[in-house]
Amino acid sequence: MAWMKENAEAAKIPETSVKKPKRKGTKKWLLLAVVILAAALLLPRFLRDRAQGSSAEALYKTETVSRRNITSAISDSGSLQPADSYTVISLVSGEILSAGFNTGDQVNKNDVLYEIDSSDINTAIERAELALSKSRRSYNNKLESVEKLHISAPIDGKISGIGYAVDDIVNSNAVIARIENTSSLTLTEYYSEEYRSQIHVGMEAVVSVSDQMLTLDGSVKEITDLRRFSSTGIPCFAVTIQITNPGALNVGAEAAGWLNGADGMMYPSIADEDGLDALETAVVRAGVSGIVDSVSVRNEEIVSAGQTIMRLHSDTLSDEIEAAADAMRDAELSLKNQQDNLENYTICAPINGTIVDKYYKEGENAENGRTLCTIFDLSSLTITLHVDELDIKSIAVGQRAAVTADAVPGATYQGVITEISINGTAAGGVTTYPVTVRIDEPEGLLPGMNADVSIVVSESVGVLTLPADAIETGGRVLVRNADGSTGENAPQGYRYVKVEIGVSDDDYVEILSGLSEGDEVAYIPDGAGSLFNFMMGGGAMAGGPPGGMNAMRGGR
């Protein structure tokens with residue numbers, strides 16, 4: 001240190017010198033000067049050591065090109081999760097009537113976990129059923145009203161009394177027409193009570209129409225309890241006789257009837273004569289209110305049963321039908337909602353699994369929206385990796401993965417990729433994609449444990465390899481010459497060789513061309529040459545690799 005002291009003394013500034021003002025960065029430049037000064041002081045000693053080959057040779061390592069297997073893998077870590085998990089939440093409130101399970105129990109899908117008192121919902125369902133029944137009747141009545149807009153003949157016969165025209169307003173229950181079926185006629189006569197036991201339905205009869213001098217055969221159609229007295233005071237009962245209209249008889253024509261007894265005796269009516277009636281008479285009425293669209297028949301026309309008489313339309317009725325349909329649908333949905341709600345009072349296991357948490361027990365009150373228990377499916381475990389965008393195309397669903405966990409030392413579990421998400425996440429200029437790995441035999445592992453995953457993406461067997469540190473910038477490798485010659489810009493006895501590389505792992509690189517098996521290379525292991533390069537000016541190396549090299553230039 002004498003040299004440093006002497007020079008320091010010589011560099012002293014006279015006390016009479018004027019001090020210069022300090023500049024920014026003075027301390028930084030002072031520190032750099034100290035580093036350079038230290039390097040200058042250490043350089044002579046380093047050169048002496050180089051001459052002996054001790055310090056320089058310690059920085060170098062030699063390696064022979066050899067064959068080995070190289071496996072390229074993608075690695076990441078994460079937290080283990082159950083294959084499936086389910087938080088059972090109550091959708092209703094009420095007293096818990098049963099909860100026959102405990103934490104740690106194994107349950108199967110659809111096993112009953114909780115029964116909650118459902119008396120209130122049963123009452124609501126009954127009310128909803130009644131409301132639906134009422135709305136359905138209302139809707140059906142409206143549909144029937146639509147059918148009533150089409151007015152048709154109820155019987156065969158002659159129509160009369162039509163007094164409506166197109167665009168007329170027709171009120172509900174208004175008389176539209178009258179129809180009489182005169183193909184057959186009836187005559188109601190009264191006979192003495194003394195003949196009651198001899199007269200019966202189907203008995204032969206004869207009807208006389210005096211004004212047309214016709215006598216027609218007929219039969220007893222009906223015996224009724226109608227009573228009257230004859231003009232002489234004899235009690236009588238009513239008998240209806242039916243005859244076929246020959247075509248000339250009209251309703252109201254006066255006639256008289258006799259009954260032919262089985263003993264050949266004739267039983268005349270003893271009350272005053274009554275006129276002939278039609279066999280059937282119908283009064284046609286409007287079932288609903290509406291406006292006449294069309295009239296299809298005319299008065300005195302003969303019509304058949306079911307034949308259209310008149311058609312109406314009603315905008316009001318159309319609106320009422322639509323409203324009734326909406327009301328019925330609303331009632332149906334209300335009932336369905338109550339019935340679905342009833343299912344919520346019986347809570348079943350949604351998956352096969354293990355109960356890991358139970359928060360409510362029998363006798364307590366469940367609350368809508370509160371968690372009742374938690375179930376884990378532990379038949380398998382999953383772990384989510386975050387794979388770099390440069391590696392994502394190297395993996396595929398179904399690919400195998402090796403899983404290890406610090407909690408289970410020495411064990412390696414087999415996993416399989418089950419899902420590759422395309423929803424990437426960007427951070428720090430790098431995008432990663434979630435990849436799910438499933439472990440089907442997770443014995444010893446538990447959810448929440450941290451695990452490491454390795455996915456082999458390629459494997460080269462028996463290929464030429466070198467340590468990754470041996471490859472310098474530009475793909476050059478320093479190789480020993482067997483004949484001791486020296487290559488251009490290379491240390492003595494060595495040459496630089498350009499190589500083509502293939503796959504690599506953490507330590508080794510595949511050599512595709514440029515070297516042969518058995519070639520010896522020299523290199524400085526990663527990190528070992530930093531101080532050496534600094535002291536040599538950042539790349540020029542005094543000394544050399546083992547074997548007497550004098551210089552190495554170029555660097556990695």
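These are my notebook entries on a predicted model of a single chain.

**Entry 1. The chain as a whole**

I began with the secondary structure, which comes to six helices and 36 strands. The chain has 556 residues, and buried residues make up 34% of them. I then looked up the contacts with a sequence separation of 6 or more; 72% of these join residues 24 or more positions apart. For the accessible surface of the chain I noted about 32,400 Å², with 49% of that area belonging to carbon and sulfur atoms.

**Entry 2. Cysteines**

How many disulfides does the structure hold? I found zero. I looked up two cysteines for their exposure. Cys373 has 0% relative accessibility and therefore counts as buried, the limit being under 20%. Cys348 is at 30%, so it counts as partly exposed. I came back to Cys348 in the next entry, since it is among the residues that line the second largest pocket.

**Entry 3. The second largest pocket**

I put the space in the second largest pocket at about 190 Å³. Its lining consists of Tyr86, Thr87, Val88, Ile89, Ser90, Leu91, Glu343, Asn344, Thr346, Ile347, Cys348 and Pro350. Two elements give two or more residues to this lining, namely β3 (81-89) and β21 (346-348). Which element gives the most? I noted β3, with four residues. By residue class, I have seven nonpolar, four polar and one charged in the lining.

**Entry 4. Ile116**

I looked up Ile116 next, in strand β6, which spans residues 112-116. Its relative accessible area is 3%, so I entered Ile116 as buried. Leaving out residues up to four places away in sequence, I listed its contacts as Ser90, Val92, Ser93, Gly94, Glu95, Ile96, Leu97, Tyr345, Ile347 and Ala366. Ser90 and Ile347, both in that list, also belong to the lining of the second largest pocket. I also noted one C-alpha separation here: Ile116 and Ser98 are 18 residues apart along the chain, and their C-alpha atoms are separated by 7.3 Å.

**Entry 5. Ala451**

Ala451 lies in strand β29, residues 450-467. Is Ala451 buried or exposed? I have it as buried, because its relative accessible area is 2% and the limit for buried is under 20%. Beyond its neighbours within four places in sequence, Ala451 is in contact with Asp76, Ser77, Gly78, Leu80, Ile383, Val403, Thr404 and Ala405. For Thr404, one of these contacts, I also noted the C-alpha distance to Ala451, which is 5.6 Å across 47 residues of chain.

**Entry 6. Thr186**

Strand β10, residues 175-192, holds Thr186. I noted a relative accessibility of 9%, so Thr186 counts as buried. What does Thr186 touch, not counting residues up to four places away in sequence? I listed Lys221, then Thr240, Ile241 and Gln242, and then Gly275, Leu276, Asp277, Ala278 and Leu279.

**Entry 7. Ser135**

I turned from strands to a helix for Ser135, which sits in α4, residues 119-148. The relative accessible area of Ser135 is 11%, so I have this serine as buried. With residues up to four places away in sequence set aside, Ser135 touches Ala327, Met328 and Ala331.

**Entry 8. Positive phi in two loops**

Most residues other than glycine have a negative phi, so I noted the exceptions I came across. Asn110 has a positive phi of about 80° and is not a glycine. I placed Asn110 in the loop between β5 (106-107) and β6, the strand in which Ile116 is found. The relative accessibility of Asn110 is 54%, and because the limit for exposed is over 50%, I entered this residue as exposed.

Asp167 is likewise not a glycine, and I noted a positive phi of about 75° for it. Where does Asp167 lie? I found Asp167 in the loop between β8 (157-160) and β9 (169-170). Its relative accessible area is 58%, so Asp167 is exposed.

Key:
Residues are numbered from 1 along each chain as its sequence is written. This is a predicted model: local features need pLDDT of at least 70, side-chain atom pairs count only at pLDDT 80 or more; totals for chains, interfaces and linings use all residues. Side-chain values use heavy atoms; hydrogens and water are left out. On a 1 Å grid over the protein atoms alone, a cavity is a set of points where a 1.4 Å probe fits but cannot get out, and a pocket is an open set with protein on both sides within 12 Å along at least five of seven lines; lining residues have an atom within 4 Å of a point. Grid points are joined across faces, edges and corners, and a volume is the space filled by probe spheres set on the points. Ala, Val, Leu, Ile, Met, Phe, Trp, Tyr, Cys and Pro count as nonpolar, Asp, Glu, Lys and Arg as charged, and the others, Gly among them, as polar. A disulfide is a pair of cysteine sulfur atoms within 2.5 Å. Buried means under 20% relative accessible area, exposed over 50%, partly exposed in between (1.4 Å probe, protein chains only). Contact means heavy atoms within 4.5 Å. Accessible areas come from the Shrake-Rupley method with a 1.4 Å probe; for residues, only the protein chains shown count as cover.
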